[in-house]
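Colleague: Thanks for making time for this one. Could you walk me through the model, one point after another?

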Amino acid sequence: MKIICKKTDLAKAVQTVAKAVPAKATTSILECLLLRAEKEEITLTGNNLELGIETVMPGNIEEEGSIAIQAKVFGEIVRKLPEGDVVLETGEKDQATVRCKKTKYNLSVKSAEEYTCIPDMERKNHVTISEFDLKEAIRQTIFSVADTSSKKAMTGELWEINGKELKIVALDGHRISLRKIKLKKEYEPRKVIVPGKTLAEIIKIIGGDPEKEIAVYFTENHIQFEIENTRAISRLIEGEYLKVEQLLSKDYGTKIKVQKKELQECIDRASLLLKDDAKKPIILNIEENILSLEAVSNMGSMNESMFVVKEGEKLRIGFNPKFLLEMLRVIDDEEVFMYFTSAKTPCTVRDEKDSYVYLVLPVNLSAAA
């Protein structure tokens, strides 16, 4: 095999597929990426058996072939090569040479036959979504996915398609994040659970251009994203997702409208005293058009108030500040509407169009004292 390509093109391709290469794997072949030069295409692949990413890059093929090469070392080498043309060719068995200007590396490689290629999916059931809409919807929900859970479904996001709407839901037992995307066409109803780890990598690949579209394909067990010259395929999570509709009641006893940035900055300041004690809550006191925030810890105390527009009853309620901050950071509106029922029931934040809904469980103030 012998190929010639631009250093920038190779670096971008390696960086893309390396997102599917585990840092440590049960077998050394999984720590490799596959490089193929055949049928007039140079293709790189990374695959950890749960997520596979394949991208096609520009370049000249002087001799066809394929190799598996250790991803971490190869990635670092490519990143630090001088700018210019890179020549990669195989010589003796299990050896490859990488040259760029006056730099030359001789590297050990493995046979491509050992590598597990990602499967070709049926291209029947799919939806088309703008890059911007999908990237934003993932960004605005993924922080609520559980890192680990006895319920496997909670480590993923529920994607529910109904007609011209895609609803994305994430939850971790303490909060719920829900976003809705308007689709250009009408699609058949579908529900799948997409692993959070997959989406954390997909969001890094998506460019975010509102004029460009991504095709998302589904089978019974897999989901595939096609992003320009890259495709990523992932296993879906089996099981039932929690029915969140019953938790998202529109009933409330107290409602406030508050400036998002002001509230976010105030919680951020209060969090300075709570960093060393995760169990200490930030307390919200809702009076007549005044919201007071309190933080008390071994480090000291803090109090700050701001103007709000209030409907309903007065209320004193506590929250983990991290959950409030992560929610506020992904809301783009200048003002937010917060709905409360009691000091022991969740706070709901939603816009008037219900394009997003966030639910955060409160902290038991008597237990946290």
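Colleague: Is Val309 buried, partly exposed or exposed?

Modeller: Happy to start there, keeping in mind that this is a predicted model. Val309 sits in strand S21, which covers residues 309-312. Buried would need under 20% relative accessible area and exposed over 50%. Because Val309 has 40% relative accessibility, its class is partly exposed.

Colleague: What is the accessible area of the nonpolar surface patch that includes Val309?

Modeller: A patch residue needs over 30% relative accessible area, and Val309 has 40%. Its partners in the nonpolar patch are Ile290 and Phe307. Together, the three expose about 270 Å².

Colleague: Let's turn to Ser292. Is that residue buried or exposed?

Modeller: Ser292 belongs to strand S19, residues 290-297. The cut-off for buried is under 20% relative accessible area. Since Ser292 has 16% relative accessibility, it counts as buried.

Colleague: Which residues is Ser292 in contact with, leaving aside neighbours within four places in sequence?

Modeller: Contact here means heavy atoms within 4.5 Å. With those sequence neighbours set aside, the contacts of Ser292 are Ile283, Leu284, Asn285, Glu304 and Ser305.

Colleague: Nice. How many residues of helix H4 are buried?

Modeller: Helix H4 runs over residues 196-205 and is mostly covered. The buried ones are Gly196, Thr198, Leu199, Glu201, Ile202, Ile203 and Ile205. Out of 10 residues in H4, that gives 7.

Colleague: And what share of the residues in the protein chain is buried?

Modeller: The protein chain has 369 residues, counted with the under 20% cut-off for burial. Buried residues make up 50%.

Colleague: Which residues gather in the patch of negative charge on the surface?

Modeller: One of them is Glu64, found in the loop between strand S5 (60-63) and strand S6 (65-70). For such a patch, like charges are joined within 9 Å. The full group is Glu38, Glu40, Glu41 and Glu64.

Colleague: How far apart are the mean positions of the positive and negative charges in the protein chain?

Modeller: There are 56 positive and 60 negative charges to average. The two mean positions are apart by 3 Å.

Colleague: Last one: what share of the contacts between residues at least 6 apart in sequence joins residues at least 24 apart?

Modeller: For the setting, the protein chain holds 7 helices and 25 strands. Its C-alpha trace spans about 80 × 50 × 40 Å along the principal axes. Among those contacts, the share joining residues at least 24 apart is 66%.

Notes
Residues are numbered from 1 along each chain as its sequence is written. This is a predicted model: local features need pLDDT of at least 70, side-chain atom pairs count only at pLDDT 80 or more; totals for chains, interfaces and linings use all residues. Side-chain values use heavy atoms; hydrogens and water are left out. Patches are made of residues with over 30% relative accessible area and no salt bridge: like charges are joined within 9 Å, nonpolar side chains (Val, Leu, Ile, Met, Phe, Trp, Tyr) within 5 Å. Accessible areas come from the Shrake-Rupley method with a 1.4 Å probe; for residues, only the protein chains shown count as cover. A salt bridge is a side-chain nitrogen of Lys or Arg within 4 Å of a carboxyl oxygen of Asp or Glu. Lys and Arg count as positive and Asp and Glu as negative; His and the chain ends are not counted. The place of a charge is taken as NZ of Lys, CZ of Arg, CG of Asp or CD of Glu. Helices (H or I, at least four residues) and strands (E, at least two) are DSSP runs, numbered from the N terminus. Buried means under 20% relative accessible area, exposed over 50%, partly exposed in between (1.4 Å probe, protein chains only).
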